[in-house]
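I opened my notebook to look around a new structure, one helix and one loop at a time. Here is what I looked up, in the order I went.

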Amino acid sequence: MSSSVAMNLPLQQRQRLAPGAAASIALWFFMAVATSLFSLFLVAYVMRLDGLEGYPLALPWQFWLSTGLLVAGSAALELAWRRNDAGLLSVLGGALALGFVLSQLWGWQVLSGRLVLPVGNPAGSFLYLLTAMHGLHVVGGLGGWWVARRAGGEAWRLRLLARYWHFLLGVWLVLFGVLGWMTPELVRVICGVAR
């Protein structure tokens, strides 16, 4: 059916032609808002980096595990969508995301054992704030994953889940990189004020 013919159809019929179109737009909008939020917090972190007490932080190895789990979960949901598999691959994607959240909590436990706490250490405060925000987005994604599973796992739902998991992975890789390797010297080079 050509697009001009499709545009002449009543609204209800057009919505049936593209299931999930409204949800797709809403997801793009949500990801844009979340990107803005994370960007603002990262800019605040980078601006404070030069005088940040408690910096640098040694990130626990559990954060590397988290990264691997999120990469695998994102790949599993991409395959679930491409193969239209609402079974094993979809379940695996959700389980790996849950593993990501648990490994993050494990990393927090290790940090608190090193006396890196959300209070009394500005670098630690930023780390807990940013990782908590990201973790809440993953938990929210798990809610969407649960709804999609209960709805029968249609292909468009799997496509949106895969897109959201890729977004979460991208955000986490930026957070992990900035928290682990951004230095005041690198900030000066990026800003063009290095001596």
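**Entry 1: one helix and its partners.** I began with H4 in this predicted model and asked what its buried residues pack against. I found H5, H6 and H7 as the partners. The buried residues of H4 include Phe 63, Ser 66, Leu 70, Gly 73 and Leu 77. I also noted some polar names on that list, among them Gln 62, Thr 67 and Glu 78.

A reminder I wrote in the margin: an α-helix has 3.6 residues a turn, so residues three or four places apart point the same way.

**Entry 2: a length check.** How far apart should the ends of H4 be, at 1.5 Å a residue? I expected 30 Å for its 21 residues, and the end C-alpha atoms are 30 Å apart, so the two agree. Just after the helix I met Asn 84, which has a positive phi near 50°.

**Entry 3: the core.** Next I looked up the largest nonpolar core, which holds 46 residues. Which residues touch the most other members? They are Leu 127 and Trp 165. H3, H4, H5, H6 and H7 each give at least two residues to this core, and H7 supplies the largest share with 15.

I then followed Leu 127 outward. Setting aside neighbours within four places in sequence, I found it in contact with Leu 57, Leu 59, Phe 63, Leu 111 and Leu 179. In soluble globular proteins, nonpolar side chains tend to be buried together.

**Entry 4: two leucines in loops.** I picked Leu 49, in the loop between H3 and H4. Is Leu 49 buried or exposed? Its relative accessible area is 1%, under the 20% cut-off, so Leu 49 counts as buried. Its C-alpha atom is 8.5 Å from that of Met 182, although the two residues are 133 apart along the chain.

Leu 115 sits in the loop between H5 and H6. At 68% relative accessibility it is over the 50% cut-off, so I wrote down Leu 115 as exposed. Its phi is positive, about 65°, even though Leu 115 is not a glycine.

**Entry 5: stepping back.** How many helices and strands does the protein chain have? I counted eight helices and zero strands. Of its 195 residues, 40% count as buried. Among contacts between residues at least 6 apart in sequence, 80% join residues at least 24 apart. The chain exposes about 10,800 Å², and I noted that carbon and sulfur atoms supply 69% of that area.

Technical notes
Residues are numbered from 1 along each chain as its sequence is written. This is a predicted model: local features need pLDDT of at least 70, side-chain atom pairs count only at pLDDT 80 or more; totals for chains, interfaces and linings use all residues. Side-chain values use heavy atoms; hydrogens and water are left out. Helices (H or I, at least four residues) and strands (E, at least two) are DSSP runs, numbered from the N terminus. Buried means under 20% relative accessible area, exposed over 50%, partly exposed in between (1.4 Å probe, protein chains only). A nonpolar core is a set of buried Ala, Val, Leu, Ile, Met, Phe, Trp, Tyr and Cys residues joined through side-chain atoms within 4.5 Å. Contact means heavy atoms within 4.5 Å. Accessible areas come from the Shrake-Rupley method with a 1.4 Å probe; for residues, only the protein chains shown count as cover. The expected span of a helix is 1.5 Å times one less than its number of residues.
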